[in-house]
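Here is a walk through one chain, told informally and with the numbers kept in view. Take a look at the sequence and the model before reading on.

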Amino acid sequence: MGQRIHFVVDPQGWCCMGLIIFIWLYNTIFIPKVILFPHYEEGNISVVAVLCYYFCSLFCIASLFRASVADPGKLPENPKIPITELEHWELCNKCNMMRPKRSHHCSRCGHCVRRMDHHCPWINNCVGEDNHWLFLQLCFYTQILSSYTLILDFCHYYYFLPLEKENWDVFVFRHELALLRISAFMGLIILGGISRLFYTQLMGIFTDTTSIEKMSNCCEDISRPRKPWQQTFSEVFGTHWKILWFIPFRQRQPLRVPYHFANHV
């Protein structure tokens, strides 16, 4: 099943996403140029380290772009509601449209999103039922790439052998320390913020609650059965194959969620 393209017209979101792309582009250009390639040419590191860095960088930017343009679960204007499921739908008091329970109206995007978790300006999109898995992949690979960058910055000065700098680019040679300090600073900021966000997202999946539900305190319904974590993760990622949870280059096949697990938003 093809995934619909979703584009949000929001200048603030464009600025936030542009900053993320700048940080990614900065490290993707200067880390290999300053650390990976010179140390590889002098035999201090293997080609595997270089390939792993580009592998993480590719998966990070792929999940970013896919999460930003993927339809988060926008409801159509005239949804067809099966009679057997009518009791599980409700009327939105903002757009006056019928929506499934656990949906939420995004005031920034101007429409309701199925199982909406939150609106994220850093991807300029809502995080909902159909792109939550991509947002989790973005958080995961951003942490991996930031950690890898910080490790390389540290090893360049305290572990690797000194480089023979006669063949270095003049700009890189003169500004090496500043370039790596900027890289380390951005890596620490990104890693700290994303790690906290990733932890809250994981806890939300484990407990089968969204960020909006937590803020509205509507997840205290003790009559709702608790599902196994494998089931909640499979529903988010759209597959029971755990290895596919880490692959952004695929289409999500939604798994039907029984409505008796749903609660009201």
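How much space lies in the second largest pocket? About 580 Å³. Keep in mind that this is a predicted model, and that pocket is a handy way into it.

**The pocket and its lining**

The second largest pocket is lined by 28 residues, and those closest to its centre are Ile20, Ile23, Thr142, Ile190 and Ile194. By type, the lining splits into 21 nonpolar and 7 polar residues, with no charged ones. Four helices each put at least two residues into this lining: helix H1 (11-41), helix H2 (47-69), H3 and H5. The largest share comes from H5, which supplies 9 residues.

Isoleucine 194 is worth a stop here. It sits in helix H5, and it counts as buried because its relative accessible area is 18%, under the 20% cut-off. Which residues does isoleucine 194 contact, leaving aside its neighbours within four places in sequence? They are Cys139, Thr142 and Gln143. Thr142 therefore turns up twice, as a contact of isoleucine 194 under the 4.5 Å heavy-atom limit and among the residues closest to the pocket centre. Isoleucine 194 can also be set beside phenylalanine 140: the two are 54 residues apart in sequence, yet their C-alpha atoms are 8.3 Å apart in space.

**The overall layout**

Stepping back, the chain has 7 helices and 6 strands. Along the sequence they follow the pattern α-α-β-β-β-β-β-β-α-α-α-α-α. The chain is 265 residues long, and 47% of them count as buried. As for contacts with a separation of 6 or more, 66% are between residues 24 or more positions apart.

The UniProt record, an unreviewed entry, places the feature "transmembrane region" at residues 12-31, 43-65, 138-159 and 179-199. What does the model show for residues 12-31? That span is 100% helix and 0% strand, and its end C-alpha atoms lie 29 Å apart. Residues 43-65 come out at 83% helix and 0% strand, with 35 Å between the end C-alpha atoms.

**Salt bridges**

Now for the charged side chains. The count of salt bridges comes to 8. Three of them are laid out here, with the distance between the closest N and O atoms.

| Salt bridge | Closest N and O atoms |
|---|---|
| Arginine 102 and aspartate 208 | 3.5 Å |
| Glutamate 129 and arginine 114 | 3.5 Å |
| Aspartate 130 and arginine 252 | 3.4 Å |

Start with the salt bridge between arginine 102 and aspartate 208. The pair links distant parts of the chain, 106 residues apart: arginine 102 is in the loop between strand S2 (98-100) and strand S3 (104-106), while aspartate 208 is in the loop between helix H5 (176-206) and helix H6 (211-216). Are these two partners buried or exposed? Both are buried. Arginine 102 counts as buried because its relative accessibility is 7%, and aspartate 208 does so because its relative accessible area is 5%.

The backbone at these two positions deserves a glance as well. Most residues other than glycine have a negative phi. Arginine 102, though, has a positive phi, near 80°. Aspartate 208 is not a glycine either, and its phi is positive too, at about 55°.

The next salt bridge joins glutamate 129 and arginine 114. Glutamate 129 is in the loop between strand S6 (125-127) and helix H3 (132-158), arginine 114 is in the loop between strand S4 (111-113) and strand S5 (118-120), and the two are 15 residues apart. Why does glutamate 129 count as partly exposed? Because its relative accessibility is 26%, which falls between the 20% and 50% cut-offs.

Then there is the salt bridge between aspartate 130 and arginine 252. Here 122 residues separate the partners, with aspartate 130 in the loop between S6 and H3 and arginine 252 in the segment after helix H7 (229-237). Aspartate 130 and arginine 252 are both buried.

Some of these salt bridges share partners, and in that way Arg102, Arg115, Asp208 and Glu213 are joined into one network. So the buried pair of arginine 102 and aspartate 208 belongs to that network.

Notes
Residues numbered from 1 in each chain as written. Predicted model: local features only at pLDDT ≥ 70, side-chain atom pairs only at ≥ 80, totals over all residues. Heavy atoms only, no water. Salt bridge = Lys/Arg side-chain N within 4 Å of Asp/Glu carboxyl O. Buried < 20%, exposed > 50% of the residue type's maximum accessible area, 1.4 Å probe, protein only. UniProt positions renumbered as here; feature names shortened; annotations may be inferred. 1 Å grid on protein atoms, 1.4 Å probe; cavity = no way out; pocket = protein on both sides within 12 Å on 5 of 7 lines; lining within 4 Å. Points joined across faces, edges and corners; volume = space filled by probe spheres on them. Nonpolar A, V, L, I, M, F, W, Y, C, P; charged D, E, K, R; others polar.
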